[in-house]
Amino acid sequence: MRAAVLHEIGQEKLEVLDDVEAVGFGPGKVKLRIRATGLCHSDVSAMSGILPQPAPFIPGHEGAGEVIDVGDGVSGLSAGDRVLVCWLPACGACPSCKRGQTQLCLAGFMNAGTPNFKRPGGDVFGFAGTGTFTEEVVVGAGCAVPIPDDVPFAIAALIGCGVTTGLGAAINTAKVEAGSSVAVIGCGGVGISTIQGARVQGAAQIIAVDPVASRREAALRFGATEAVAPDELADAKQRVTGGEGFDYVFEVVGKSATARTAYEHTRRGGTLCVVGAGAMDDHFQVNMFELFFDEKRILPSMYGGGDVLRSYERAIALWRAGRIDLESMITHRVRLEEVNDALDQMRTGESLRTCIEL
(Lines give C-alpha, C1' and ligand atoms only; values in the text may rest on other atoms or scores of the structure.)
Protein backbone atom coordinates (compact mmCIF):
# COMPACT_ATOMS: atom_id res chain seq x y z
CA MET A 1 0.00 0.00 0.00
CA ARG A 2 1.00 3.65 -0.33
CA ALA A 3 2.22 5.78 2.54
CA ALA A 4 4.27 8.95 3.08
CA VAL A 5 7.44 8.12 5.02
CA LEU A 6 10.03 10.27 6.78
CA HIS A 7 13.30 8.36 6.76
CA GLU A 8 15.27 10.50 9.24
CA ILE A 9 14.39 13.16 11.78
CA GLY A 10 15.29 16.58 10.40
CA GLN A 11 14.36 15.86 6.80
CA GLU A 12 11.84 18.31 5.36
CA LYS A 13 10.39 16.08 2.63
CA LEU A 14 8.38 12.90 2.83
CA GLU A 15 8.73 10.06 0.33
CA VAL A 16 5.52 8.48 -0.92
CA LEU A 17 6.18 4.75 -1.23
CA ASP A 18 4.03 1.82 -2.33
CA ASP A 19 5.85 -0.97 -0.46
CA VAL A 20 4.51 -0.26 3.05
CA GLU A 21 2.48 -2.79 5.02
CA ALA A 22 0.33 -2.15 8.10
CA VAL A 23 1.22 -4.70 10.80
CA GLY A 24 0.15 -5.67 14.29
CA PHE A 25 -3.42 -6.75 13.60
CA GLY A 26 -4.79 -9.13 16.23
CA PRO A 27 -6.84 -9.22 19.43
CA GLY A 28 -8.00 -5.79 20.54
CA LYS A 29 -6.94 -4.17 17.26
CA VAL A 30 -8.74 -2.82 14.22
CA LYS A 31 -7.55 -2.23 10.68
CA LEU A 32 -8.70 1.02 9.08
CA ARG A 33 -8.88 2.33 5.53
CA ILE A 34 -7.97 6.00 5.80
CA ARG A 35 -10.14 8.26 3.64
CA ALA A 36 -9.06 11.70 4.83
CA THR A 37 -6.34 13.07 7.07
CA GLY A 38 -5.48 16.57 8.17
CA LEU A 39 -1.97 17.97 8.32
CA CYS A 40 -1.41 19.23 11.87
CA HIS A 41 1.55 21.33 12.99
CA SER A 42 2.48 18.55 15.40
CA ASP A 43 3.34 16.38 12.38
CA VAL A 44 5.82 19.01 11.22
CA SER A 45 7.20 19.34 14.76
CA ALA A 46 7.80 15.59 14.92
CA MET A 47 9.56 15.67 11.55
CA SER A 48 11.91 18.40 12.76
CA GLY A 49 12.59 16.76 16.11
CA ILE A 50 10.77 19.29 18.29
CA LEU A 51 8.42 16.53 19.41
CA PRO A 52 10.07 13.17 20.21
CA GLN A 53 9.29 10.46 17.68
CA PRO A 54 11.36 7.45 16.54
CA ALA A 55 12.13 7.18 12.82
CA PRO A 56 11.54 6.10 10.14
CA PHE A 57 7.93 7.03 10.64
CA ILE A 58 4.70 7.86 8.88
CA PRO A 59 3.30 11.22 10.05
CA GLY A 60 -0.38 11.93 10.53
CA HIS A 61 -2.66 11.51 13.54
CA GLU A 62 -5.71 13.51 12.47
CA GLY A 63 -7.57 10.98 10.33
CA ALA A 64 -10.88 9.35 9.49
CA GLY A 65 -11.95 6.37 7.43
CA GLU A 66 -13.64 2.99 7.47
CA VAL A 67 -13.08 -0.17 9.47
CA ILE A 68 -11.70 -2.98 7.30
CA ASP A 69 -11.48 -5.67 9.97
CA VAL A 70 -11.70 -6.11 13.75
CA GLY A 71 -9.65 -8.40 15.93
CA ASP A 72 -10.83 -10.81 18.60
CA GLY A 73 -12.29 -9.18 21.68
CA VAL A 74 -13.30 -5.98 19.93
CA SER A 75 -16.89 -4.94 20.54
CA GLY A 76 -18.90 -2.04 19.20
CA LEU A 77 -17.05 -1.94 15.88
CA SER A 78 -17.50 -3.92 12.68
CA ALA A 79 -16.26 -3.85 9.11
CA GLY A 80 -17.66 -0.90 7.18
CA ASP A 81 -18.11 1.38 10.19
CA ARG A 82 -17.15 5.01 9.65
CA VAL A 83 -14.69 6.21 12.30
CA LEU A 84 -12.31 8.99 13.23
CA VAL A 85 -8.87 8.31 14.65
CA CYS A 86 -8.31 9.16 18.31
CA TRP A 87 -4.54 9.38 18.73
CA LEU A 88 -4.77 9.46 22.54
CA PRO A 89 -7.31 6.83 23.59
CA ALA A 90 -8.21 6.42 27.25
CA CYS A 91 -7.53 3.07 28.89
CA GLY A 92 -10.24 3.64 31.50
CA ALA A 93 -8.23 2.02 34.27
CA CYS A 94 -5.24 4.26 35.08
CA PRO A 95 -5.30 6.91 37.85
CA SER A 96 -5.83 9.73 35.33
CA CYS A 97 -8.82 7.98 33.78
CA LYS A 98 -10.32 7.19 37.17
CA ARG A 99 -10.04 10.87 38.10
CA GLY A 100 -11.89 11.81 34.92
CA GLN A 101 -8.80 13.32 33.29
CA THR A 102 -8.80 10.92 30.37
CA GLN A 103 -6.80 13.36 28.21
CA LEU A 104 -3.83 12.65 30.51
CA CYS A 105 -3.94 8.87 30.03
CA LEU A 106 -0.52 7.60 29.02
CA ALA A 107 -1.65 4.30 27.52
CA GLY A 108 -1.75 5.75 24.01
CA PHE A 109 1.77 7.11 24.30
CA MET A 110 3.04 3.62 25.05
CA ASN A 111 1.97 2.59 21.55
CA ALA A 112 4.24 5.19 19.96
CA GLY A 113 7.28 3.03 20.62
CA THR A 114 5.89 -0.01 18.81
CA PRO A 115 6.21 -0.10 15.00
CA ASN A 116 2.86 -0.53 13.28
CA PHE A 117 4.19 -0.61 9.72
CA LYS A 118 6.98 -2.37 7.88
CA ARG A 119 8.82 -2.16 4.60
CA PRO A 120 11.24 -4.59 2.95
CA GLY A 121 14.02 -2.65 4.67
CA GLY A 122 12.61 -2.91 8.18
CA ASP A 123 10.15 -1.52 10.68
CA VAL A 124 8.36 1.82 10.33
CA PHE A 125 6.66 3.69 13.16
CA GLY A 126 3.41 5.61 13.05
CA PHE A 127 3.36 9.09 14.56
CA ALA A 128 1.77 9.09 18.01
CA GLY A 129 1.06 5.39 17.61
CA THR A 130 -1.14 6.00 14.57
CA GLY A 131 0.32 7.31 11.28
CA THR A 132 -2.52 8.40 9.01
CA PHE A 133 -0.58 9.53 5.93
CA THR A 134 -1.27 6.10 4.55
CA GLU A 135 -4.01 4.07 2.93
CA GLU A 136 -4.34 1.60 5.82
CA VAL A 137 -3.35 1.52 9.47
CA VAL A 138 -3.72 -0.88 12.40
CA VAL A 139 -4.58 0.71 15.74
CA GLY A 140 -6.04 -0.25 19.08
CA ALA A 141 -9.82 -0.45 19.13
CA GLY A 142 -9.97 2.61 21.38
CA CYS A 143 -8.40 4.68 18.61
CA ALA A 144 -11.35 4.07 16.29
CA VAL A 145 -14.33 6.20 17.30
CA PRO A 146 -17.57 5.75 15.32
CA ILE A 147 -18.93 8.86 13.61
CA PRO A 148 -22.47 9.59 12.33
CA ASP A 149 -23.17 9.12 8.64
CA ASP A 150 -23.76 12.84 8.07
CA VAL A 151 -20.23 13.83 9.13
CA PRO A 152 -17.86 13.91 6.11
CA PHE A 153 -14.52 12.18 6.55
CA ALA A 154 -12.61 15.47 6.14
CA ILE A 155 -14.63 17.12 8.92
CA ALA A 156 -14.26 14.07 11.17
CA ALA A 157 -10.50 14.10 10.67
CA LEU A 158 -10.26 17.69 11.93
CA ILE A 159 -12.40 16.86 14.94
CA GLY A 160 -9.93 14.08 15.74
CA CYS A 161 -7.29 16.60 16.81
CA GLY A 162 -7.15 20.29 15.90
CA VAL A 163 -10.79 21.21 16.40
CA THR A 164 -11.08 19.28 19.67
CA THR A 165 -7.83 20.81 20.95
CA GLY A 166 -8.79 24.40 20.16
CA LEU A 167 -12.44 24.27 21.18
CA GLY A 168 -11.55 22.43 24.35
CA ALA A 169 -8.89 24.95 25.36
CA ALA A 170 -11.53 27.69 25.40
CA ILE A 171 -14.44 25.64 26.74
CA ASN A 172 -12.91 22.99 29.01
CA THR A 173 -9.58 24.38 30.18
CA ALA A 174 -9.94 28.16 30.33
CA LYS A 175 -13.73 28.14 30.67
CA VAL A 176 -14.00 31.50 28.92
CA GLU A 177 -16.71 33.63 30.50
CA ALA A 178 -19.35 35.50 28.52
CA GLY A 179 -18.50 39.14 27.97
CA SER A 180 -14.77 38.64 28.51
CA SER A 181 -11.78 39.80 26.46
CA VAL A 182 -9.65 37.19 24.69
CA ALA A 183 -6.44 37.20 22.68
CA VAL A 184 -5.34 34.19 20.62
CA ILE A 185 -1.68 34.10 19.57
CA GLY A 186 -1.24 31.79 16.58
CA CYS A 187 -4.09 31.41 14.11
CA GLY A 188 -3.55 28.14 12.30
CA GLY A 189 -6.13 25.38 12.53
CA VAL A 190 -5.93 25.02 16.32
CA GLY A 191 -5.91 28.78 16.87
CA ILE A 192 -8.94 29.25 14.64
CA SER A 193 -10.71 26.52 16.61
CA THR A 194 -9.80 28.34 19.83
CA ILE A 195 -11.32 31.52 18.41
CA GLN A 196 -14.49 29.63 17.57
CA GLY A 197 -14.58 28.18 21.08
CA ALA A 198 -14.23 31.64 22.63
CA ARG A 199 -17.04 32.88 20.40
CA VAL A 200 -19.29 29.97 21.42
CA GLN A 201 -18.58 30.85 25.05
CA GLY A 202 -19.72 34.42 24.47
CA ALA A 203 -16.46 36.39 24.61
CA ALA A 204 -17.07 40.05 23.82
CA GLN A 205 -13.69 40.84 22.28
CA ILE A 206 -11.52 38.26 20.53
CA ILE A 207 -8.19 39.55 19.24
CA ALA A 208 -6.43 37.25 16.76
CA VAL A 209 -2.65 37.58 16.58
CA ASP A 210 -0.62 36.15 13.70
CA PRO A 211 2.24 37.35 11.47
CA VAL A 212 0.54 36.04 8.31
CA ALA A 213 -1.98 38.45 6.79
CA SER A 214 -4.13 35.73 5.22
CA ARG A 215 -4.53 34.03 8.59
CA ARG A 216 -5.51 37.29 10.22
CA GLU A 217 -8.15 37.80 7.53
CA ALA A 218 -9.41 34.26 8.08
CA ALA A 219 -9.60 34.78 11.84
CA LEU A 220 -12.11 37.60 11.31
CA ARG A 221 -14.36 35.25 9.35
CA PHE A 222 -14.31 32.71 12.17
CA GLY A 223 -15.30 35.06 14.97
CA ALA A 224 -12.37 37.30 15.88
CA THR A 225 -13.46 40.90 16.47
CA GLU A 226 -10.03 42.19 15.48
CA ALA A 227 -6.88 40.72 13.96
CA VAL A 228 -3.39 42.16 14.44
CA ALA A 229 0.22 41.37 13.66
CA PRO A 230 2.40 40.45 16.68
CA ASP A 231 3.97 43.93 16.84
CA GLU A 232 0.48 45.45 17.09
CA LEU A 233 -0.61 43.41 20.11
CA ALA A 234 0.56 45.96 22.69
CA ASP A 235 -1.51 48.65 21.01
CA ALA A 236 -4.53 46.35 20.93
CA LYS A 237 -4.10 45.65 24.63
CA GLN A 238 -4.14 49.39 25.32
CA ARG A 239 -7.15 50.07 23.13
CA VAL A 240 -9.28 47.09 24.08
CA THR A 241 -8.46 46.72 27.78
CA GLY A 242 -7.21 50.18 28.74
CA GLY A 243 -3.76 48.71 29.21
CA GLU A 244 -4.89 46.28 31.91
CA GLY A 245 -4.49 43.14 29.82
CA PHE A 246 -6.85 40.52 28.45
CA ASP A 247 -8.98 38.27 30.60
CA TYR A 248 -7.75 35.26 28.64
CA VAL A 249 -4.73 34.85 26.38
CA PHE A 250 -4.19 31.63 24.44
CA GLU A 251 -0.70 30.68 23.24
CA VAL A 252 -1.16 28.39 20.24
CA VAL A 253 2.40 28.41 18.86
CA GLY A 254 4.39 26.25 21.25
CA LYS A 255 7.33 28.56 21.95
CA SER A 256 8.52 30.10 25.19
CA ALA A 257 8.87 33.53 23.57
CA THR A 258 5.21 33.67 22.57
CA ALA A 259 4.18 32.18 25.92
CA ARG A 260 6.04 35.01 27.64
CA THR A 261 4.31 37.54 25.38
CA ALA A 262 0.99 35.93 26.24
CA TYR A 263 1.78 36.17 29.95
CA GLU A 264 2.65 39.84 29.69
CA HIS A 265 -0.62 40.62 27.90
CA THR A 266 -2.78 38.76 30.41
CA ARG A 267 -4.36 40.98 33.07
CA ARG A 268 -3.60 40.45 36.75
CA GLY A 269 -5.85 37.64 37.90
CA GLY A 270 -6.45 36.61 34.30
CA THR A 271 -5.74 33.33 32.55
CA LEU A 272 -2.89 32.31 30.25
CA CYS A 273 -3.79 29.07 28.46
CA VAL A 274 -0.89 27.25 26.79
CA VAL A 275 -2.17 25.19 23.85
CA GLY A 276 0.89 24.93 21.57
CA ALA A 277 3.12 21.85 21.80
CA GLY A 278 6.77 22.90 22.16
CA ALA A 279 10.23 21.45 22.59
CA MET A 280 11.51 19.86 25.79
CA ASP A 281 14.53 22.19 25.90
CA ASP A 282 12.53 25.41 25.43
CA HIS A 283 11.89 26.80 28.91
CA PHE A 284 9.19 29.28 29.85
CA GLN A 285 10.23 31.50 32.75
CA VAL A 286 8.43 33.71 35.24
CA ASN A 287 9.98 35.20 38.34
CA MET A 288 8.66 34.26 41.74
CA PHE A 289 7.51 37.78 42.62
CA GLU A 290 5.33 38.25 39.54
CA LEU A 291 3.99 34.72 39.88
CA PHE A 292 2.80 35.57 43.38
CA PHE A 293 1.89 39.24 42.91
CA ASP A 294 0.00 39.07 39.60
CA GLU A 295 -1.96 35.92 40.44
CA LYS A 296 -2.25 35.00 36.80
CA ARG A 297 -3.48 31.48 36.19
CA ILE A 298 -1.21 29.49 33.86
CA LEU A 299 -3.19 26.60 32.42
CA PRO A 300 -1.70 24.11 29.96
CA SER A 301 -4.31 22.41 27.79
CA MET A 302 -3.66 18.88 26.56
CA TYR A 303 -5.91 17.70 23.72
CA GLY A 304 -8.62 20.13 24.73
CA GLY A 305 -8.37 19.51 28.46
CA GLY A 306 -11.31 17.14 28.80
CA ASP A 307 -12.83 13.81 27.87
CA VAL A 308 -12.19 13.57 24.14
CA LEU A 309 -15.19 11.37 23.33
CA ARG A 310 -17.50 13.91 24.90
CA SER A 311 -15.60 16.69 23.13
CA TYR A 312 -16.06 14.95 19.76
CA GLU A 313 -19.80 14.76 20.34
CA ARG A 314 -19.93 18.43 21.32
CA ALA A 315 -18.00 19.50 18.24
CA ILE A 316 -20.38 17.57 15.98
CA ALA A 317 -23.41 19.07 17.75
CA LEU A 318 -22.06 22.62 17.41
CA TRP A 319 -21.21 22.00 13.74
CA ARG A 320 -24.65 20.63 12.99
CA ALA A 321 -26.24 23.64 14.69
CA GLY A 322 -24.14 26.05 12.62
CA ARG A 323 -22.42 27.40 15.74
CA ILE A 324 -18.96 26.52 14.42
CA ASP A 325 -17.68 26.44 10.84
CA LEU A 326 -15.48 23.45 10.08
CA GLU A 327 -15.80 23.22 6.29
CA SER A 328 -14.15 26.61 5.75
CA MET A 329 -11.17 25.63 7.90
CA ILE A 330 -10.10 23.27 5.12
CA THR A 331 -8.36 25.71 2.80
CA HIS A 332 -6.56 23.12 0.68
CA ARG A 333 -7.30 19.55 -0.44
CA VAL A 334 -4.54 17.40 -1.92
CA ARG A 335 -3.81 13.79 -2.82
CA LEU A 336 -1.18 11.77 -0.96
CA GLU A 337 1.41 12.29 -3.70
CA GLU A 338 1.08 16.05 -3.11
CA VAL A 339 1.87 15.82 0.61
CA ASN A 340 5.07 17.86 0.32
CA ASP A 341 3.10 20.70 -1.22
CA ALA A 342 0.86 20.54 1.83
CA LEU A 343 3.88 20.75 4.12
CA ASP A 344 5.08 23.87 2.32
CA GLN A 345 1.63 25.42 2.64
CA MET A 346 1.70 24.89 6.39
CA ARG A 347 5.25 26.15 6.87
CA THR A 348 4.53 29.39 5.01
CA GLY A 349 1.20 29.91 6.74
CA GLU A 350 -0.72 29.70 3.48
CA SER A 351 -3.09 27.06 4.81
CA LEU A 352 -5.27 26.79 7.89
CA ARG A 353 -5.82 23.08 7.43
CA THR A 354 -4.87 20.96 4.45
CA CYS A 355 -6.86 17.76 4.00
CA ILE A 356 -5.15 14.84 2.32
CA GLU A 357 -7.78 12.70 0.63
CA LEU A 358 -7.01 9.06 -0.03
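Biologist: Which elements do the buried residues of α11 pack against?
Modeller: This is a predicted model, and in it the buried residues of helix α11, residues 308-320, include Val 308, Tyr 312 and Trp 319. Two strands are among their partners, β7 (82-85) and β11 (144-146). The full set of elements they pack against is β7, β11, α4 (153-159), α5 (162-173) and α6.

Biologist: Why do the buried residues of α11 sit on the same side of the helix?
Modeller: The buried set in α11 is Val 308, Ser 311, Tyr 312, Ala 315, Ile 316, Leu 318 and Trp 319. They share one side of α11 because, around the axis, they cover an arc of only 165°.

Biologist: Which exposed residues does the other face of α11 carry?
Modeller: Leu 318 is one of the buried residues of α11. The face turned away from that buried side carries two exposed residues, Arg 310 and Glu 313.

Biologist: What caps the N-terminal end of α11?
Modeller: The contact runs from a side-chain oxygen to the backbone nitrogen of Leu 309, at 3.3 Å. Just after the helix, Gly 322 takes a positive phi of about 75°. The cap at the N-terminal end is Asp 307.

Biologist: How far does α11 reach from its first C-alpha to its last?
Modeller: Helix α11 has 13 residues, and the expected rise is 1.5 Å a residue. The reach is close to that expectation, at 18 Å.

Biologist: What arc do the buried residues of α7 fall within?
Modeller: Helix α7 spans residues 213-221, and its buried residues are Arg 215, Arg 216, Ala 218 and Ala 219. They line one face of the helix, because seen down the axis of α7 they fall within an arc of 160°.

Biologist: What covers the buried residues of α7?
Modeller: Those residues include Ala 218 and Ala 219. Just after the helix comes Gly 223, with a positive phi of about 125°. The cover over the buried residues of α7 includes α6 (189-201), β13 (205-209), β14 (226-228) and α12 (339-348).

Biologist: Which residues is Ala 342 in contact with, leaving aside neighbours within four places in sequence?
Modeller: Ala 342 is found in helix α12, and it counts as buried at 0% relative accessibility. Its C-alpha atom is separated by 12 Å from that of Ala 4, 338 residues apart along the chain. With those neighbours left aside, Ala 342 is in contact with Leu 39, Val 334 and Thr 354.

Biologist: Which backbone nitrogen does the side chain of Glu 135 reach?
Modeller: Glu 135 has its place in the loop between β9 (122-126) and β10 (136-140). Its relative accessible area is 18%, so Glu 135 is buried. Not counting residues up to four places away in sequence, it touches Met 1, Leu 32 and Leu 358, among others. At 3.0 Å, its side chain reaches the backbone nitrogen of Arg 2.

Biologist: How many disulfides does a search of the whole structure find?
Modeller: Cys 187 is buried, with a relative accessible area of 1%, and its sulfur is 14 Å from the closest cysteine sulfur, in Cys 273, so that is too far for a bond. Over the whole structure, the number of disulfides found is zero.

Biologist: Where is the nearest cysteine sulfur to Cys 97?
Modeller: Cys 97 counts as buried at 10% relative accessibility. It is in no disulfide. The nearest cysteine sulfur is 3.6 Å away, in Cys 94.

Biologist: Which residues does the UniProt annotation "domain: Enoyl reductase (ER)" cover?
Modeller: The annotation comes from an unreviewed UniProt entry. In the model, the span is 31% helix and 24% strand, and its end C-alpha atoms lie 23 Å apart. The annotation covers residues 10-352.

Key
Residues are numbered from 1 along each chain as its sequence is written. This is a predicted model: local features need pLDDT of at least 70, side-chain atom pairs count only at pLDDT 80 or more; totals for chains, interfaces and linings use all residues. Side-chain values use heavy atoms; hydrogens and water are left out. UniProt positions are given in the numbering used here, feature names are shortened, and annotations may be inferred rather than shown by experiment. Helices (H or I, at least four residues) and strands (E, at least two) are DSSP runs, numbered from the N terminus. Buried means under 20% relative accessible area, exposed over 50%, partly exposed in between (1.4 Å probe, protein chains only). The arc is that of the directions from the helix axis to the C-beta atoms. Contact means heavy atoms within 4.5 Å. The expected span of a helix is 1.5 Å times one less than its number of residues. A polar contact is a pair of N or O atoms within 3.5 Å; within protein, one must be able to donate a hydrogen and the other to accept it, and residues adjacent in sequence count only if both atoms are side-chain atoms. A disulfide is a pair of cysteine sulfur atoms within 2.5 Å.
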